[in-house]
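Notebook open, structure loaded. I want to look up the fold, the ligand site and the core, in that order.

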Amino acid sequence: MATESLDVKKLFEKWIIDADVKLNEIDLVNEIKQYLVSQHPEICGKCTPCRDGVVKMEKLLDKYAKGKATLENLQEFEKLVYNLRASRCSVGLDIGKNLEVVLENNYNVLYRPVKKY
Ligand code: SF4
């Protein structure tokens, strides 16, 4: 749908040029969570990377929001994002592509709270 595409485009722009938008870490975590929740109506449940992966990623983001995330949680999040490449349709593939961009451009936001040194 056109409206949803526009929303995703806006989010994309924020994530890519976050230095200009100056999202703080919690904002970014919340933005990703909201984006994933907004995709629920599109998810049909036919394949695991999308059906189960999105819910698991949301739970990991909740841990970040509560300050309880660990390095293992970040590694699991990354794995779930890359698993979306095996999705059966563009819904999961697009979620994966968007989140790969987020990881590429904002990795420090998710890494800093969980690094061990
Ligand atoms: S990727 Fe497509 S087929 Fe798989 S659960 Fe999501 S919407 Fe369904």
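Before placing anything in a loop, I note what counts as an element: helices are DSSP runs of H or I with at least four residues, strands are runs of E with at least two, and both are numbered from the N terminus. I also keep in mind that this is a predicted model.

**Entry 1: the fold.** I counted six helices and zero strands. Along the sequence I read the pattern as α-α-α-α-α-α. Of the 117 residues in the protein, 22% are buried. I then checked contacts with a separation of 6 or more, and 64% of them join residues 24 or more positions apart.

**Entry 2: the ligand.** Which residues are closest to the ligand? I found Cys-44, Cys-47, Cys-50, Cys-89 and Gly-92, out of 13 residues that surround the ligand. Two elements, α4 (48-65) and α6 (90-111), give two or more residues each to this shell. Sorting the shell by class, I got six nonpolar, three polar and four charged residues.

**Entry 3: Cys-47.** I picked one of the closest cysteines for a longer look. Cys-47 sits in the loop between α3 and α4. Buried or partly exposed? Cys-47 is partly exposed, because I find 17 other C-beta atoms within 10 Å, and a buried residue needs 20 or more. Leaving out residues up to four places away in sequence, Cys-47 touches Ser-87, Arg-88 and Gly-92; Gly-92 is also among the residues closest to the ligand. I checked Leu-84 too: its C-alpha atom is 9.7 Å from that of Cys-47, with the two positions 37 residues apart along the chain.

**Entry 4: α6.** This helix bends by about 75° at Asn-105. I listed its buried residues as Gly-92, Ile-95, Gly-96, Leu-99, Val-102, Asn-106, Val-109 and Leu-110. An α-helix has 3.6 residues a turn, so residues three or four places apart point the same way.

**Entry 5: the core.** The largest nonpolar core has 19 residues, and I noted Leu-60, Leu-61 and Phe-77 as those with the most contacts inside it. Two or more residues each come from α3 (25-38), α4, α5 (71-83) and α6. Which element gives the most to this core? I found that α4 does, with six residues. In soluble globular proteins, nonpolar side chains tend to be buried together. I followed Leu-60 outwards: setting aside its neighbours within four places in sequence, Leu-60 is in contact with Ala-69, Asn-73, Glu-76 and Phe-77.

How values were computed: Residues are numbered from 1 along each chain as its sequence is written. This is a predicted model: local features need pLDDT of at least 70, side-chain atom pairs count only at pLDDT 80 or more; totals for chains, interfaces and linings use all residues. A residue is near a molecule or strand if its C-beta atom, placed from the backbone, lies within 6 Å of it. Ala, Val, Leu, Ile, Met, Phe, Trp, Tyr, Cys and Pro count as nonpolar, Asp, Glu, Lys and Arg as charged, and the others, Gly among them, as polar. The bend at a residue is the angle between axes fitted to the seven residues ending there and the seven starting there. A residue is buried if 20 or more other C-beta atoms lie within 10 Å of its own, exposed if 12 or fewer, and partly exposed in between; C-beta atoms are placed from the backbone. A nonpolar core is a set of buried Ala, Val, Leu, Ile, Met, Phe, Trp, Tyr and Cys residues joined through C-beta atoms within 7 Å. Two residues are in contact if their C-beta atoms, placed from the backbone, lie within 7 Å.
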